[in-house]
Structures are given as C-alpha cells and as structure tokens.
Amino acid sequence: ARGIAQGARVAVLSKNSIAFAEVFGLVRLGLVVVPLNWRLAASDLQRLLDDCAPEILIVDRAHLDVVRDHAATLGSLRLRLCFDGPQDGFEGYEAFLSGAGAPPKWPVVAPSEPASIIYTSGTTGRPKGAVISHRGALANMRAAQAELLQLSPGDRALAVMPFFHVGGLWYHFLAAVSAGCETTILPEFAPTTVLETLKRDRITVVHLVPTMIDALLTHPGFAPGDLPGLRRIFYAGSPMPEALLRRAMAALEGCEFLQAYGSTEAGVVSALTPLDHRRALQDDAGPLLRSCGLPVAGCEVRVAGAHPEIGIGEIEVRSDGIFDSYWRRPDATQEVLSGGWVATGDLGRLDPDGYIFLIDRKNDMIVTGGENVFPTEVEDHLLRIDGIAEAAVFSTPHPRWVEQVTAAVVPAPGARLDAADIAARLRADLAPYKCPKEIFFADRLPRNGAGKVVRAELRKLYASGKEMVG
C-alpha cells in the first residue's frame, strides 16, 4: 500500500527483540533487510544510511534520537517506524501492522537475489556493505544447524548475540528458528541476566564470544553444576585464549564446546568440534585447541601465496555461503572476490590433516569483545587533536576483551599532552569499544623501509615496557 517494491532496503537500528526478528520476514517479499550496529557513533550511522538509501527505517526508542534529524533529510525514505510506539516523525510499529490490509501476492524471489546487507567496516573511508543472497543465507543457516549447533525441535536456544552480526543472526538465531527451536531473545549481553535466563528457560544451546564466557565464569552468581541442561556452547567472533577455554570446559563439565571460524564475506568456514576439544585434552594434543577446525561440508579452503617452507599464506574460501558483492562497490568487491573465491585477509596454514590454523590478520584489524576495530580510523581521530604529531593504533592482550585497542602517540615539539584528555576527546567522536584502553607516549614510531609503521614492533615495545616512551 505504501508503494515499496521488491529490492528496497529496510534499515533497522535496534537492540534484539521479537519485533526486530519479525522484520526479517520481509525478505520473503524480496525486500533487503539492513541491520545497523547500534554501538556506532551517529556520524558512522549517517554514512551507512546514506550508502544503503533505505526506503524503510525502523528504530527502537533508545536509538531514535541518534538518527531522527538525519532521517528527516534522507530523500529515499518512504516509511519510518518505531518499535516502541509513535514518536515525532515515526509511526508506531504495532499500529502500522494492525492497519494492514490483505496480504500481497507473493513475488518470485530468486536464490541469487539479495536478502540482507551487513556492513563490515563502514567507518574506514567509504562504507562497505556485504550483500548476502538468499542462497548464501540459507547455506549458512543449514551449516549452522547441521554442523555447529546440531539443532533439533527439542532444543531451547538463547539469542543474545546482536542481530547486526552474521554470527548472531544467520549462524544462531535464524538457524535455531528454522530448526523449530524454542528461542529466548535478549536485547544485549548482561552477565546477570544471561545466567538467570540460562537457568530459568533451561537453555540447551547458546552462542557466545570468549569475552562473554569469561564474564559468566567470573560472575559471583555462577557455580559449577548450575547449568545441567546446557549441552553446547558455540563460541566464535574473536580468538579464544587457551587458558580460558580449559577453565570453561572444567567449570561446565558435561557441556560440549564448539568453535567456528567464518566472516561476513566468507560465511561459515570451519568448525572445531566437541570431539576435537575432547581429543585435545585427553591426548594432550594442546595445539589442536589453537586451530579453528576443519572446513564444513560444501566449503573449500585454500592457502594462497603460501610460503614454500612454512606454508603460511592468505586463507581463501569458496562455498554457497560466501557473500555476493559489496553494495555499490565493484572496486572493493574485485579486491577480495575472484573466480568464486573470497580472500579473507587472514593469514594462516593448513596442517597435514586439513585443520586450519590462523596466524595473524592481514589487515591488522583488532577484534575486541567480538567487535571489529580498524586502527586507521582511530589513528585518523587521534591526528585531529592538536599537539599530536604521529599516532599508531594496535592490539594488545586484555584479560576480559581478549584484545584491547592501544595507541602510541608522538607529541609535536613543545606540546604538552595528557592521556586522559586525549581519551575524553576520542570518546566524544567514537563508539566506546573503538577508543584506546591505554595510550602511551613515544619519541618516534618504528617504520619499515617504505615508511609504514610496523605495528608488530610496537607490540614488542609495549610488552617490553614501552622503551620508546619519552
């Protein structure tokens, strides 16, 4: 009735909810759902909205003010809805649904047509929205059902990972729903709430990132044996420290652990199964816990440009689950997609049995608490601050977030800088998880022959006591 046709984008800015889950039903009409990361700064979200040019924008009340003014100037918009009732310029979601007429004639939607756009960087230069086709979404859901979660209608799943991530959406929530599972939805992760929900709803399967697992184990309300119904924890999203994994397996005896490796562009790539976890402990095959497992069915993995002696190169993937393209970015698409193979940007190797071992990230991306941070974006904001001559951002270990954002700053001659003041300036412009947890001052930054900062050297200097501090 509003004249919104097949192919239109539907942007959603909201924490997890049942209403948010309903919106994904619009893909049956050939609409393209674009879930947005509510942790981003307002300027980031404005760029994403400009890029995807949605005809429908749906928000919850908590994030209405972030986009209200920009939505008023977005020429593509034809419908604005708020999950929490009518607001200034936004119709109430439930009232809008109650006024609907007869259902439309279902269009024919080809498997190759887009179902969703998931933004993977959106803040470093031009945004990059990964287009996921219906074929890709279904392939990843089926892989998650059969190989990661091994779901049945009798399972009870907990959806706490954000719906704007493929891990929380395709690989867990929609996989659980399509398997007929009873599913509890939480708006976001809070240790006390998650523990109470696991117990109250007798959850059998949950997807968490390592940071969340550590938060549950250290919570004063947790005790071994409290969760007898929990049969499987699927973890992914960031590296899992081996010490944390061993502690979790000991504390949750009887619960299976499964690790998955994948990305928005590559889909579900591999799984380290519960059998692999048990074998690693029983047979003292400790190195196996540092693997991300074997490729899932239907997924091919190869190492491109492998070093002839050590076998390390860039991991490339081919399957039905890979992304289709970057939205309106043929240049960026060509950089990572060729001949049906996706270049992941991850450096790694395959052992003689085919297990994948990741060595490093080719692009120096930082994964902190399951969120991706690009150093160049943070560096750009640092260099806008008067008195900073040079800046470099890199990852260092963190006991809770696994990796933390750390910054090395070179003051301009005669400048007097204060780390707390710099941090406050950054918090005004960046999402909290992107802000450096530690800032230290250096006389110079280590650079290679081409003049590029060597972040690996910065990590060594940091670990040795910041010898370059002036």
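**Exercise 1. Decide whether Thr 120 is buried or exposed, and say where Thr 120 is found.**

Solution. Begin with the relative accessible area of Thr 120, which is 17%. Buried means under 20% relative accessible area, exposed over 50%, and partly exposed in between, with a 1.4 Å probe and protein chains only. Thr 120 is therefore buried. Next, place the residue along the chain: Thr 120 is found in the loop between strand 6 (114-119) and strand 7 (129-133), where helices (H or I, at least four residues) and strands (E, at least two) are DSSP runs numbered from the N terminus. Finally, list the contacts (heavy atoms within 4.5 Å): leaving aside neighbours within four places in sequence, Thr 120 is in contact with Lys 128, Ala 130, Thr 264, Glu 265, Tyr 326 and Phe 374.

The model is predicted, so that local features need pLDDT of at least 70 and side-chain atom pairs count only at pLDDT 80 or more, while totals for chains, interfaces and linings use all residues. Residues are numbered from 1 along each chain as its sequence is written, and side-chain values use heavy atoms, with hydrogens and water left out.

**Exercise 2. Classify Asp 386 as buried or exposed, and find its place in the chain.**

Solution. The relative accessible area of Asp 386 is 69%, and Asp 386 is therefore exposed. Asp 386 is found in the loop between helix 12 (375-382) and strand 23 (388-398). As a last step, take Pro 54, which lies 332 residues away from Asp 386 along the chain: the C-alpha atoms of these two residues are separated by 37 Å.

**Exercise 3. Describe the open sheet that contains strand 23.**

Solution. The sheet has three strands in the order 23-24-25, with mixed pairing, where two strands pair if DSSP finds at least two bridges between them. Strand 23 and strand 25 (438-441) are the edge strands, since each of them pairs on one side only. Neighbouring strands of this sheet are turned by 25° against each other on average, direction ignored; axes here are lines fitted to C-alpha atoms, for helices over the stretch in contact, and angles run from 0 to 180 degrees between N-to-C directions. Strands of a sheet pair through backbone hydrogen bonds, either parallel or antiparallel. Strand 23 and strand 24 (residues 402-411) pair in the antiparallel sense over ten bridges, and the bridge partner of Ile 388 in strand 24 is Pro 411. To complete the picture, add helix 14 (residues 455-463), which lies across strand 23, strand 24 and strand 25 and runs at about 70° to strand 23.

**Exercise 4. Find how many cavities of 30 Å³ or more the structure holds, and describe the lining of the largest cavity.**

Solution. On a 1 Å grid over the protein atoms alone, a cavity is a set of points where a 1.4 Å probe fits but cannot get out, and lining residues have an atom within 4 Å of a point. Grid points are joined across faces, edges and corners, and a volume is the space filled by probe spheres set on the points. The structure holds two cavities of 30 Å³ or more, and the largest cavity has a volume of about 60 Å³. Among the residues that line the largest cavity are Leu 198, Ile 213 and Phe 222, and the largest share of this lining, three residues, comes from helix 8 (residues 210-217).

Notes
1 Å grid on protein atoms, 1.4 Å probe; cavity = no way out; pocket = protein on both sides within 12 Å on 5 of 7 lines; lining within 4 Å.
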